[in-house]
Structures are given as structure tokens and as C-alpha cells.
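Colleague: Could you take me through a single part of this model in detail, choosing a stretch where helix packing, backbone geometry and a cysteine can be discussed together? I would like one connected account rather than a list.

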Amino acid sequence: MELNFLSMAVIIFLPFFAAALTFFIYPILKEKTAHFAAFIALICAFLILNLIGTTGSISIPLISSLDIHLRFYVDGLSILVGLLASGMGLLTFIYSFGYMKTKTPSPTYYASLLVFMGSMLGIVFSADLIVLFVFWELTSLSSYLLIGYFNHESTSRSAAKKALVITSLGGFFMLLGFLLIHSITGSFDLTFLLSQPESIQSILRENGIFLPILFAIIIAGASKSAQIPFHIWLPSAMVAPTPVSAFLHSAAMVKAGVYILGRFHPILAGDEWSLILITLGIATMLITAFFAIISTTLKELLAYSTASHIGLMLIGFGIPLTLTGASQSLGFASGSFHLFNHALFKAALFFIAGIIACQVGITTISEIKGLRKKLPLTAGFAVFASLCMAGIPPTSGFYSKELLFQGIYAVANNYGGISWVLPLLTIIASAFAVVYSLKFVMIFFGTPSSDQQGVSPPSLSMTIPTSILILLSFLTIFYPLFPLDILSHSGSPYLQDISTLHVGLPTQIDPPLLMSLLSIIFGIVLFLKYEQILKGMSSILPFTYFSADSIYLSIISTLEIWSSSLTYRTERLLLRTHIIWLLGLIGTFVLASLFYLKPNFLMISGPPLRLDFLVFLLIIALGAFAVVRANSHIMGVLFLSILGFMIAVFYLLSNAPDVALTQLAVETLILVIFLVIIGKLPAYYGETSSPRVMRDILLSLFIGATIFFTVLLATTSSVSKNIATFFIDRASYPSEYTENIIVDYGGGTNIVNVILVDFRALDTLGEISVVALAALSILTILSSRTSGGRS
């Protein structure tokens, strides 16, 4: 399919448009709004399917002066993740129709899900770093609304805030990394960066900012994908409705972090990249797998297992590109393959957890038993999906784990020494995966309790999406190369030839197969000894939740105390004190920036001033001194007017009569207004202390010096001489008609007027807005005085 801007715009922006319509449609359709949202997701998924085999980019300018464009980039990775986002969105909306009947549905729920889906598609297909960042933040905001959907509960509000704080922190680092990239390359164009990744990395290294960018991107990806130590938000987010957990926290939002690491893999891949990702992945995989084992609720178990499996994906993307005896595409392929497989079986498991919650009304693992008789189809789905999660052959989870084990073994074999710890830790973490998978399966066996006798089968709207996910996972057993074919046929980096990769059941006994077998055997042994091991570890279990979560709570509580204290102190201050702090900070920042950008700005050389200019400057200085020393309001106003009139004379001497006339008109108007209200001013303002007078004098001198040096530096800076010629040529219409005559020419005879209302129209609009806001502020202050308020 040929890349078309309109179809790409529909894929990304149709969900946003549909989200706005939801509030008008919901009063009519009620819970059937889920069908409308599902139809929107189906359109997006269909359009993305048509992109398979397509690669390239297309764009239109947004803010050309800042090199910000609405760019779309299509390749195998974006198509794969885009299919997951839209396809899982479709199944989630269908599932929500049945699930939300027992809850409190609202248009906000469906609108937020649509916004989230559109934001995910925006992240996946955006090729402009700033636009990508905007969509990245939109996923955080929409997930905040979805996690905190039950906002009447304090746990929901707390979990939503935690997710927003942590993912927004990652967004800050992402923006920092993007700005650093632009500062060196001069481009926000992702397609340009991906077209020459080696040279871009060399440029970043030569300028000494490669490592800051590397850390910024990894922190952004790790925070969104719930990696250590940012994993704490994911289990808390399980208070959200189950469809939200299935969509956001297994197939979409956490995958956004993995996607961004996969997208920058060609640019940042190297020894540092591999060391950090493999270390981070191993640590997360092991620690969160242990937390999954000791979890007490179904969704908590699935949350920790999600973080653990994403750690495995990070290991894949961290596998070095120059391994001896390993295919160059192994790391990228294994990470992408497991991303696809995990989304299918983990979303199915979340759906199954939602069915249990709705039909049984219990989510605590220890209280659920014997559901296979009441929910036989659901039990079959759960067993198969759990086998995939545990990596038991011949499931899809086994295939992708085998690829990852190949890469981990190749790393250890290539580097030797302490690197041999990696396969050992991976085996332990995989054994833990077997334990928590069996733990999930066992809720369907045993003797059901008396309160589970009235369990009824789930509705079709909840069963069909689950069965589709199970079917897709089952088909992957027979066609495991499907996700890799999407990647390779659409031109993804490092996947031009996947023929060297063996995906499927092993044909010979090799180290990766032995690692899988060991992890399965060890996992079964641990599960059989689960109760004894849990009792033996009961003394240290309270300490397992110490650290990351406790540190987060301490930081948040400390910040809340500080902000409350600061608010209490500042809100009790007088208006003049606020103005003093504001002016002082502005002056400090301006002078600091001048020192940073031009350290020698105090040593300004230029042509000497004309004699007439010096005379008028002396008059202005004397007038300013007279204003300060005036002993009456009238004399102060008259001396102040002298300053304005002398500025008008400066404009005349500078051959700007129009500006001088404007200045004279303004000064005359101000003088008249002052004289009208002068009788209303108090003759005596009260006593003032010497320290306050000295403070005001010093602040005035400081602000005056700041403005003086800023203006002096601005007026002596070199400016392109072509500017004047440009305005002269473009002020009026040309003698010959051109196609862009309305856009490129002002069509006036007064150059100053044309500049103000045409070339600088936005600046003029901004100035008018400032005047309007000032008038509104004055009106507010006057109203508060008459109503007895403090000013």
C-alpha cells in the first residue's frame, strides 16, 4: 500500500474525534457506546493491516521555524505495535460492554480509552520527536483518568497520582533527551536520525552528550514500562477496571516504554546500552517475579508478572549487535517477538481475572478454588494462557523465550567471566514464572467453597474477546514467524534477514533448550515446596516492600509538606511583596542568561552617540531625578511626562515619525488621565521604614541595570541587513501577480503599519492580550477594594 497522509491522519486522530463525540452519543446509546468505540478501533486496525509491507515517511509542517512537523513514519516495528494497540482496543471495547454493566459506566470511561488508543497510535507512528512527546504525555494523562476511574475511592486516586507522577518524570527525561539530540543534530526528524544511526551516534559521542541522552531515553522507557525502581506504580494501578488493566497494563501503555527503547535501539546501541538494559532487565525480571509469587490477588500477580516479562524484553533489546556466533538480528527479533506474544496471553489472563471478579465476586487467590466445573471454558483458556506465560513448550511463550535464552547464552559465552551469572539469574526468574503461572492455574482446581456455588457463565461480550486472544496465541504455535515477518517485510532495522533465526520447537539439544528445561523443572519443584518456602520467608517478607514504594511515599509526603508551608507563607504576603519577588527573580534570570550566553556583554563597543542624543539623554536623567524628588503629585506627573516626550523626540531623531506620533499620543493621554484622577489620590501614604526604602531603592537600581544592559546588548547586536530590504520589498504588492501574493506580501503603503498588522500580527495580538489582561487585573483589584478584599 502506498503511504498516504490522509489515511495516517485518520489512524491517529479518528480516536480523538470519536472521544469528543462520545459525550453526545452516550445519552443515546448508553452501554452500547462500547460498540461505537469498538467500530472506531476496527477502522484503525483495518487501516494498519493495509500498511503491512509498507515503509517510509510523510509529513506536513506545523511550526517550520522550530522544525516541528506532523511527520508519520511506518516500518515493521510501528505496524506491529500499532496492530497491538488498535486490535487490543477493539477487544477491550467489546469486553467492556459486558464488564461495565456491573459497574458504573460513563462517557468519560469510553472517551478516555479512545484518547489513550489514539495517543498510543500517535507514539507509534510519529516521526517528529516533539509530536511524539506530546502523544507520550497524553497517554499519561488519559491513563490517569482511567486508573482513577473509581475516584470516590482513595486508593484509586492515590494510584492514579502515583502513575502520573512516575510516568511524567519519565516524560521529562524524554523531552530532555530529545532537546539534547536537537541541540547537536539540529533536527527533530526521527526518520533522519534512523537513516544514519551510526553517524548520529558518532556525532553525539564526539560532543560528549551521548551518555546523557542514553540515560534520559532509558529512564523514560523504564518508567513507562514499570521497570525497577519505577515498577511500584503498576501493581497500584490494578484498582482500575479490568478492561483498563488488560489494555493499558499488558498490551499498550507498558509496551510504549518498550517501543521507545526499540525505536532508539539503532541509534543508541552499544556497550553502554547493552550493559544498562541487560542489568535492568535481569533485576526487574527477577525481583518482580518474586513479588508475583507472593501476591495475594489475581490482578496483583498479573501486574508483577507483566513487569517481569517486560524485563525479559529489555534483555532482548540489550543484546549486543556484535556477538560472536550470533545473528545480528537476534536481540531485536527476540525482544519484538516476546512483546507480541506477551500482549496476547497476558491480556487474555487479565480478561479471565475480570470474568472471575464479575462472576464469582472474589479476587483473593486463597479464597478461590474449583472454578473449572462452573467455568469450564474459562478454565481451559486460563490453563493455556498460563502455560504461555510460563514458557512451556510448544506454546508461543516458549518460542520467544527460546530466542531470548539464545541471546543471553551468547552474551555469556562471548564475554565470559561474571557474564555467566546472566543465564543463571534468567533460569531462576523463569522458574519463578512457572510458580506464579501454576499458582494462577490452581484456582480452577480443588473443591469450591459454599459461596461459589451460584457462579454463572460469563456473557458473550466477555467470552469472545478472551477466546480471540487465546486463538491468536494458539495459531502462533503453528505460524510463529508472523510478527517477525511483519517486522522484516516493512524494513525494520537489523531484520533484513531472519533466515538465520530458528523459531519453533527445538531440533537439537542446545544450551537454550537446557535453560528452558531447567527453569521448568526448578519451577515445578519450587511450586511443590511453595507453602514451606513461604513460611520460611515470612520473617523477611515485610522488608520486601521496603525501598522503592516507601521512598516514593516519603518524597511525596515531604513535597506536600513543603508546598503547604510555601503556600501558607506566600499567600499571606502583601501584593507589593509578591511584586518584589517577581521582579527580583526575573532580573536575576535575565542577567544570568546574559552572563551565560555572552560573558563579555559588559564590554560593548560601538560608535559614539551623537551630540543631540547626549543632550536629550541628560534631560531624561534630570527628569527622572526630578520625579523622585518631587514634593507633589502634580509635579511628579509633569516630570514623568517629560520622560515620555523626550523618548518621542528620540524616535524623531531616528527617522521614525509614525512611532514618535504614537508615543506623543500615548503620553498625552496618560498625562490627561493622571490629571483627572490626581485629586483622588491620598496626600499622605503613611510612614515607611528605612530598610524598606533601601530595599526598594536597591531593587529599582537592579531592575534598571538589567533593562539597561539588555537593551544595550540588543541594540548593538549585529542584525542581518537583508531584513530592511525584505520589509521594503514585501510591504506592498509586486508589479506582477504571483501565486502566493496574499500570503507573502503585505499590500500596504506604510511599512511600519504593514509590519505591525501583517508580518508581526501575532506579536501585536500578544501585546493587545497583555493590555487586556492588565485592564482585567486592574478591574479585579478595584473590585476587591470596594468589596473589602485585601490587595
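Modeller: What follows is a close look at the region running from helix α17 through α18 to α19, with a little of the wider setting first.

The model is predicted, and its secondary structure comes to 34 helices and two strands. Of the 791 residues of the protein, 48% count as buried, and among contacts between residues at least 6 apart in sequence, 78% join residues at least 24 apart.

Within that setting, helix α17 spans residues 376-390, and Cys388 is one of its residues. Is Cys388 buried or exposed? Its relative accessibility is 1%, and because buried means under 20% relative accessible area, Cys388 counts as buried. Apart from neighbours within four places in sequence, Cys388 is in contact with Phe345, Thr395, Ser396 and Gly397. A further relation across the sequence links Cys388 with Ile470, since the two are 82 residues apart along the chain while their C-alpha atoms lie 10.0 Å apart in space. Another cysteine, Cys358, is partly exposed, with a relative accessible area of 22%, and the structure holds zero disulfides.

Between α17 and α18 there is a loop that contains Pro394, and the backbone there deserves attention, as the peptide bond from Pro393 to Pro394 is cis, with omega near 5°.

After this loop comes helix α18, made up of residues 396-415, which packs with helix α19, residues 421-441, at an angle of about 155°, the two axes being 9 Å apart. Because angles over 145 degrees count as roughly antiparallel, α18 and α19 are roughly antiparallel to each other. On the α18 side the contact is formed by Lys401, Phe405, Ile408, Val411 and Ala412, and these meet Leu422, Pro423, Thr426, Ser430 and Ala433 in α19. Sorted by class, this contact has seven nonpolar, two polar and one charged residues.

For the backbone geometry, another cis peptide bond can be set beside the one at Pro394: the bond from Ile228 to Pro229 is cis as well, with omega near 0°, and Pro229 is found in the loop between α9 (210-224) and α10 (233-236). That loop also holds Ala226, whose phi is near 60°, a positive value in a residue other than glycine, and Ala226 is buried, with a relative accessible area of 0%.

Key. Residues are numbered from 1 along each chain as its sequence is written. This is a predicted model: local features need pLDDT of at least 70, side-chain atom pairs count only at pLDDT 80 or more; totals for chains, interfaces and linings use all residues. Side-chain values use heavy atoms; hydrogens and water are left out. Axes are lines fitted to C-alpha atoms, for helices over the stretch in contact, and angles run from 0 to 180 degrees between N-to-C directions. Helices (H or I, at least four residues) and strands (E, at least two) are DSSP runs, numbered from the N terminus. Angles under 35 degrees count as roughly parallel, over 145 as roughly antiparallel, 65 to 115 as roughly perpendicular and the rest as oblique. Contact means heavy atoms within 4.5 Å. Ala, Val, Leu, Ile, Met, Phe, Trp, Tyr, Cys and Pro count as nonpolar, Asp, Glu, Lys and Arg as charged, and the others, Gly among them, as polar. Buried means under 20% relative accessible area, exposed over 50%, partly exposed in between (1.4 Å probe, protein chains only). A disulfide is a pair of cysteine sulfur atoms within 2.5 Å.
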